[in-house]
Amino acid sequence: CHTLRSTMERQRKEERDWWLRKVYMDYNATTPLEPEVIQAMTEAMREAWGNPSSPYPAGRKAKDIIDTARENIAKMIGGRPQDIIFTSGGTEVTWTNVNTLCCTPVAGRHMATCSSVGCFIRLTLVRVFFPSAVTFVPVSKVNGQVEVEDILAAVRPATCLVTIMLANNETGVIMPISDISQRIKALNQKRAASRLPVILLHTDAAQALGKRRVDVEDLGVDFLTIVGHKFYGPRIGALYVRGLGELTPLYPMLFGGGQERNFRPGTENTPMIAGLGKAAELVTRNCEAYEAHMRDVRDYLEERLAAEFDKQRIHLNSQFPGTERLPNTCNFSIRGPQLQGRAVLAQCRTLLASVGAACHSDHVDRPSPVLLSCGIPFDVARNALRLSVGRSTTRAEVDLVVQDLKQAVARLEGQA
C-alpha cells in the first residue's frame, strides 16, 4: 500500500512538472473549467442531486439551478429563457436542426451552407441528404467570408434552412450573419406571397461565445448553437430557438418524458447545466475584459512571429484586409519544404497547439480544406499552425512559444 501510494504521488508530480514546462494554445479546441464553474458543479452534485421533476427539497433545488442557468445563458446571448433548450453538446444541436429540416413538409427539401462550415455539420449534411439537396457556398478569397449575394444565389424554391458559422474555428473570420438575416427576412416576405417555405437561419456560435459579444437580436437568427467547453464550461450545450414552438418550429429527435418542454426528453443533467450557467454568467460579466486581453496577447504573438522569422517565410493565414476576426486566433504558416504543421509541432517541446480543427486530427498529410477554400496555396496551407490564446495566456508565454518554434524549425531544417 505504501509503495502504491509513493508511485501515485511520483506520477502526479511528474505530470505537474510536465505541464509546468508546456504552454497551451489550443483554446479553440477546448478550454479548461473555470474554478467558479467547478464550484457550481460540485455544489449541484452535493446539494441538488434530486430529480428536477420531483417535489422534495433536493428536486426543487435542482429545478431552481436549471432555471437560473437557463436565465444566465439567455442573458449571455440577449435572448429569452423560454427559448433555450439544453442538449448534450453542439453535435446534438446540429442533428436537431437537421431533424427539423427533415420533418418540414416540403417536397425536395434543400439547404444552403458555407464551404468553410465545421466538419461535423458538413458530414451530417452529406450523410443525411443527397449532395444535390445541399449547396456549399464558397467563401471569398479576398476577405475569407461568405458573401451575402452568394448565399442568396444558392436559394431554391425548396430551400428551408441556411446554416453559417458565426466565427470560423480555424481562421477566426467573423461571418456577416446580420446582413444575411436581413436579406433572408426580406426574401421570406416575397416567398410568402408565392406560398414558398420560410427560410430559417441557423448560426453556430460555439467559437464566438466568450470572445466577443453575441446578441441574437442583432444577428436576427432563428437558431443558435451554444457549446460549453468552448467558453470554460462543461462539455454540454444548448440550442436557442427564436419563439420556440411558436414562431420557429423545432422537431425533437427523441421522445419520452416532458422535460425541456417536450423538445429534449430525459432527466436533466443538473451539475453540467449548473456549470454551463455559471460559465455563461462569467461571460456576461467579463466578456469585454476577456476580449481585450486575448486581442492584446494575439497581436503580440503575431508581432513576435514577424520579428523572429523572415517576413517572407511567415504567412498569416487568418489575416484578411478589412475583415473582423476572433481576438484570440492566429493561423499562420512557416514556409519551407520540411515545415509541415504536424512536423513542426512534433518538434516543439513547449507549445501545445494544433494544425487546425480538432476533428481533422486524423487527416495526416492533407491541408485544411478551410484554408484551401480561402485561397491559401496548397504548400502554404500544408504548413499551417493554429494558435489560439486564452483568458490566462501571457506575453511571457508567447515569448517561450516563439523561441520553441524557432528551435523546432532549426531542428527540422538541420535534418534535411
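In the predicted model, 71% of the contacts in the chain with a separation of 6 or more are accounted for by residues 24 or more positions apart. The secondary structure of the chain amounts to 13 helices and 12 strands. Of the 416 residues of the chain, 55% count as buried. The area exposed by the chain is about 19000 Å², of which 54% is supplied by carbon and sulfur atoms.

Strand 3, comprising residues 110-114, was examined with respect to burial and pairing. Five of the five residues of this strand are buried, so strand 3 is largely enclosed by the rest of the structure. Buried here denotes a relative accessible area under 20%. Cover is found on both faces of the strand: H110, A112 and C114 are buried on one side, and M111 and T113 are buried on the other.

Strand 3 is paired with strand 4 and with strand 5. The pairing with strand 4 (residues 134-137) is parallel and extends over four bridges; within this pairing, A112 of strand 3 stands opposite T135 of strand 4. Strand 5 (residues 159-165) also runs parallel to strand 3, to which four bridges join it, and T113 of strand 3 stands opposite T163 of strand 5. The residues A112 and T113, which stand opposite T135 and T163 respectively, belong to opposite faces of strand 3, and both are buried.

Technical notes:
Residues are numbered from 1 along each chain as its sequence is written. This is a predicted model: local features need pLDDT of at least 70, side-chain atom pairs count only at pLDDT 80 or more; totals for chains, interfaces and linings use all residues. Side-chain values use heavy atoms; hydrogens and water are left out. Buried means under 20% relative accessible area, exposed over 50%, partly exposed in between (1.4 Å probe, protein chains only). Helices (H or I, at least four residues) and strands (E, at least two) are DSSP runs, numbered from the N terminus. Two strands pair if DSSP finds at least two bridges between them. Contact means heavy atoms within 4.5 Å. Accessible areas come from the Shrake-Rupley method with a 1.4 Å probe; for residues, only the protein chains shown count as cover.
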